[in-house]
Amino acid sequence: MRRIFFERPYRFIFIPVIAVAVLSLVSFVVMQLWNNLLPDILHVSTITFWQAAGIFILCKILFGFGKGGRPGWGGGGAPWMRKRMEERFKNLSPEEQEKFKAKMRDRMCHWENRGGFGKFGRQWENDFKTEQEDKDK
């Protein structure tokens, strides 16, 4: 039987090489897009290859790796941040939960008035419903 290429010892050499090649290609694309679009549009300076690589890595750290998440929210975002918010919300008392919801509702109204989240503007409320609220319905 034939073994798959990446099961051989070569995988320890080729997988990192492939990862570096992909990062290099993406960094080059980011650099070219930045240097050809943003100086004319936003009047910013051009960037180097290494700055483009840094921007790409920073975006991946802040906005998440891979796909998944809720539709309409950029394909995932940072799941660790969402999980942390949900845990904090569950630990609040019912009065604190209502204060939080009111504060978020006020913030969302400001965003909606500015054309912010569009049809997803109130979708966050469903994520923070308590079990008691679900039973009341």
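Among contacts in the protein chain between residues at least 6 apart in sequence, 31% join residues at least 24 apart. The model behind this figure is predicted. The chain holds six helices and zero strands. From the N terminus on, the order of elements reads α-α-α-α-α-α. Of the 137 residues, 12% count as buried. About 11400 Å² of the protein chain is exposed, and carbon and sulfur atoms supply 63% of that area.

Confidence varies along the chain. The average pLDDT is 75, and 63% of the residues score at least 70. Residues 69-75 have a pLDDT below 50. This stretch still has twelve contacts in the model beyond near neighbours in sequence. The pLDDT is also below 50 over residues 115-121, where eight such contacts occur. Where pLDDT is low, the predicted coordinates should not be read in detail.

Helix α1 spans residues 11-42 and includes S27. The relative accessible area of S27 is 0%, so this residue is buried. Beyond its neighbours within four places in sequence, S27 contacts F49, A52 and A53.

L37 also belongs to helix α1. Its relative accessible area is 43%. L37 therefore counts as partly exposed, since that class lies between the 20% and 50% cut-offs. L37 contributes to a nonpolar surface patch of about 740 Å². The other residues of the patch are L25, F28, V29, L33, I41, L42 and V44. Helix α1 thus holds both S27, which is buried, and L37, which is partly exposed.

How values were computed. Residues numbered from 1 in each chain as written. Predicted model: local features only at pLDDT ≥ 70, side-chain atom pairs only at ≥ 80, totals over all residues. Heavy atoms only, no water. Helix = DSSP H or I, 4+ residues; strand = E, 2+ residues; numbered from the N terminus. Buried < 20%, exposed > 50% of the residue type's maximum accessible area, 1.4 Å probe, protein only. Contact = heavy atoms within 4.5 Å. Patch = residues over 30% accessible without salt bridge, like charges linked within 9 Å, V, L, I, M, F, W, Y side chains within 5 Å. Areas by Shrake-Rupley, 256 points an atom, 1.4 Å probe, with all protein chains shown as cover. Salt bridge = Lys/Arg side-chain N within 4 Å of Asp/Glu carboxyl O. pLDDT = per-residue confidence, 0-100.
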